[in-house]
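Work through the exercises below with the sequence and the model side by side, and try each task before reading its solution.

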Amino acid sequence: MNVALILAGGTDPTFQMSVPKQFVNVFNRPIITYTLEAFQRHKDIDAIMVACLNGWQEMVNVYAKQFNIDKLKWIVSGGKDGQASARIGILALQDICRADDVIVLHDSIRPFVSEEIITDSIRVCRNHGMGVAAVRTMDTIMKTADGKIGTESISRYAIIRIQTPQAYRMDRLLDIHNKAVEAGIVGEVDTNSVVSKLGEPVYFSKGSDLNMKINTVEDVEMFKALYRMQQEKPKE
């Protein structure tokens with residue numbers, strides 16, 4: 001079984017809109033529904049769980065019914081960060097999933113995730129126990145302490161940008177998060193960061209620059225423009 005665990009538990013005090021990013025309306029529907037639909041459509045996803053911001057659980061249920069997301073089986077309360085939300089979801093799935101089931105962690109605010117990216121994440125996971133979407137950076141990278149002055153140029157070939165989905169075998173995922181508790185590793189933004197803090201290798205799967213994350217009001221406008229272009233593209 002392959003289960004998508006959608007992380008929708010966060011709030012961003014710097015985001016300049018009146019609702020959390022995952023629930024911002026774009027073309028009269030919240031961003032999270034676009035994300036849920038991507039996993040609903042994918043033939044290899046058997047079920048969906050949402051780790052949800054407190055106070056919004058019932059709305060997610062309503063949206064799922066409205067947009068026919070019938071793979072949504074469970075909603076749990078999210079944590080204060082990505083690591084905490086993932087752990088809550090994993091523990092809730094512990095008695096539901098088998099050791100070799102694949103859990104596909106994905107940010108609710110990455111609504112443009114493609115079928116190809118989800119498929120490759122699962123494929124790499126089946127081969128290596130994890131498959132973390134990643135893309136090379138084309139920009140020049142500099143190290144800085146304050147965002148105003150650069151102190152060191154870093155080769156872009158030594159840098160890779162991590163995205164979601166991040167797929168893990170259930171037993172591997174439990175082991176990672178249990179080890180993190182034992183090691184006192186907390187407050188990480190995602191499970192991949194936990195893995196690296198534990199000193200273990202991360203196996204990459206296909207990502208894309210189009211697999212954008214909604215972090216700012218400008219990103220919302222970019223999403224609108226890209227979605228409009230996608231809808232206007234002639235069908236093959």
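The exercises that follow go from the whole chain to single residues.

The model is predicted, so local features need pLDDT of at least 70 and side-chain atom pairs count only at pLDDT 80 or more, while totals for chains, interfaces and linings use all residues. Residues are numbered from 1 along each chain as its sequence is written, and side-chain values use heavy atoms, with hydrogens and water left out.

**Exercise 1. Determine how compact the chain is for its length.**

Step 1: the chain has seven helices and nine strands, where helices (H or I, at least four residues) and strands (E, at least two) are DSSP runs numbered from the N terminus.
Step 2: the radius of gyration, taken over C-alpha atoms, is to be set against the globule rule, which is 2.2 Å times the number of residues to the power 0.38.
Step 3: for 236 residues that rule gives 18 Å, and the radius of gyration of the chain is close to this at 18 Å, so the chain is as compact as a globular protein of that length.
Step 4: of the contacts (heavy atoms within 4.5 Å) with a separation of 6 or more, 74% join residues 24 or more positions apart.

**Exercise 2. Determine how far helix 1 is enclosed, and by which elements.**

Step 1: buried means under 20% relative accessible area, exposed over 50%, and partly exposed in between, with a 1.4 Å probe and protein chains only.
Step 2: helix 1 spans residues 31-41, and nine of its 11 residues are buried, so the helix is largely enclosed by the rest of the structure.
Step 3: the buried residues include I31, L36 and F39.
Step 4: the buried residues of helix 1 pack against strand 1 (2-8), strand 2 (47-52) and strand 4 (102-107), and also against helix 2 (57-66), helix 4 (115-128) and helix 7 (217-232).

**Exercise 3. Decide how many disulfides the chain has, and examine C97 and C125.**

Step 1: a disulfide is a pair of cysteine sulfur atoms within 2.5 Å, and by this rule the count is zero.
Step 2: for C97 the nearest cysteine sulfur is that of C125, 12 Å away, and C97 is in no disulfide.
Step 3: C125 is likewise in no disulfide.
Step 4: C97 is buried at a relative accessible area of 10%, and C125 is buried at 0%.

**Exercise 4. Place T140 in the fold and state whether it is buried or exposed.**

Step 1: T140 lies in the loop between strand 5 (130-136) and strand 6 (141-144).
Step 2: with 66% relative accessibility, T140 counts as exposed.
Step 3: T140 and S153 are 13 residues apart along the chain, and their C-alpha atoms are separated by 7.8 Å.
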